[in-house]
Amino acid sequence: MCSKPVIIIGNGGHARVLIDILLMQKREIIGYTAPTEENNRYNVTYLGKDEEILKYDPQEIELVNALGSVSDTRHRANIFNIFKSKGYTFSTIIHPSAIISDTVILGEGVQVMAGVVIQPFAKIDDNTIVNTSTSIDHDCCISKHCHIAPGCVLSGGVFVGEGTHIGTGTKIIQNVTVGKNVLVGAGSLVLRSVGDNKKIYGSPAKEVSK
Ligand SMILES: CC(C)(COP(=O)(O)OP(=O)(O)OC[C@H]1O[C@@H](n2cnc3c(N)ncnc32)[C@H](O)[C@@H]1OP(=O)(O)O)[C@@H](O)C(=O)NCCC(=O)NCCS
């Protein structure tokens, strides 16, 4: 496991969940960046705005993308892309209670939270969050910059396109394709494939205007 110190980008609820894991794993936290200084419940040091990161050598630290997303993943994707273009690396963070098959491929900066199960030959691409207690079954492929929110169940062979948000508690049946930049509302049951740039919700999930 990498032992480089980390800088955390963001200071909200998602940051707290990540800091909890980092402390458990005894990672050194240099501080956090945010537009303004706010109370940090773990007493992590405020470093300033995100530009402060540029004072640190990309070879000496790793970044943690702690921006949460409740429906729109673009801000997280932008932060990842900006700092990647400047040579920085994002930590892949895995809660110790996650059960992940040895055959699973995890990209850079993937965040796997407590109680997650990821089954054989699944692939999770860069900067994607697999949030608390979600289950990703065999052969699923989740593209970059997605957020699979807490308590989702993705059956085998599901494909999720780049930048898609799968809302809390959603269930998706086997071999369904969900396109890129799709917003799946919380509690949905997805039975059919969905094209790009759609917003869907309900049980069964239906398209609604964006
Ligand atoms: C889909 C979502 C983004 C809201 O979309 P919206 O179009 O702005 O919806 P609104 O809140 O304006 O509600 C419009 C209608 O859709 C319904 N609706 C909204 N979300 C719904 C959902 N997930 N399932 C079923 N119905 C939903 C509302 O009840 C409302 O119905 P009404 O007009 O009969 O009262 C939001 O409800 C949602 O599910 N977000 C995902 C949350 C999440 O995953 N969080 C993760 C945190 S880690």
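**Ligand contacts and aromatic pairs in a predicted model**

User: In this predicted model, what makes the approach of H165 to the ligand a polar contact?

Analyst: A polar side-chain atom of H165 lies 2.8 Å from an oxygen atom of the ligand. The cut-off for a pair of N or O atoms is 3.5 Å, so this pair qualifies as a polar contact.

User: Which atoms of A186 and Y201 take part in such pairs with the ligand?

Analyst: For A186, a polar backbone atom is 2.7 Å from an oxygen atom of the ligand. For Y201, a polar side-chain atom lies 2.5 Å from a ligand oxygen atom. Both values fall within 3.5 Å, and each pair is therefore a polar contact. As for cover, the ligand on its own has 910 Å² of accessible area, of which the protein covers 43%.

User: Which residues surround the ligand, and how do they divide by character?

Analyst: The residues around the ligand are V70, H147, A149, P150, H165, G167, T168, L183, G185, A186, K199 and Y201. This shell comprises six nonpolar, five polar and one charged. K199 is a member of the shell, and Lys counts as charged.

User: Why is G68 called partly exposed?

Analyst: The relative accessibility of G68 is 45%. Buried would require under 20% and exposed over 50%, so G68 is partly exposed. G68 sits in the loop between β4 (62–65) and α2. According to the unreviewed UniProt entry, the annotation "binding site" covers G68.

User: How many aromatic pairs are there, and why is the one between F80 and F90 called tilted?

Analyst: The count comes to three aromatic pairs. In the pair of F80 and F90, the centres are 4.7 Å apart and the planes are at 35°. The centres lie within 6.5 Å, which makes this a pair; the angle is neither under 30 degrees nor over 60, and the pair is therefore tilted.

User: What does the pair of F80 and F90 tie together?

Analyst: F80 belongs to helix α2 (residues 74–85) and F90 to the loop between α2 and β5 (93–94), so the pair ties together parts that are ten residues apart in sequence. F80 has 4% relative accessibility and counts as buried; F90, at 2%, is buried as well.

User: How do you know that F83 and Y88 are paired edge-to-face?

Analyst: Their ring centres are 5.9 Å apart, and the angle between the planes is 80°. The distance is within 6.5 Å and the angle is over 60 degrees, so the pair is edge-to-face.

User: Are F83 and Y88 buried or exposed?

Analyst: F83 has 5% relative accessibility and Y88 has 2%. Both values are under 20%, so both residues are buried.

Definitions and conventions
Residues numbered from 1 in each chain as written. Predicted model: local features only at pLDDT ≥ 70, side-chain atom pairs only at ≥ 80, totals over all residues. Heavy atoms only, no water. Phe/Tyr/Trp six-rings, centres within 6.5 Å; stacked < 30°, edge-to-face > 60°. Helix = DSSP H or I, 4+ residues; strand = E, 2+ residues; numbered from the N terminus. Buried < 20%, exposed > 50% of the residue type's maximum accessible area, 1.4 Å probe, protein only. Near = heavy atom within 4 Å. Polar contact = N/O pair within 3.5 Å; in protein donor to acceptor, adjacent residues only side chain to side chain. Areas by Shrake-Rupley, 256 points an atom, 1.4 Å probe, with all protein chains shown as cover. UniProt positions renumbered as here; feature names shortened; annotations may be inferred.
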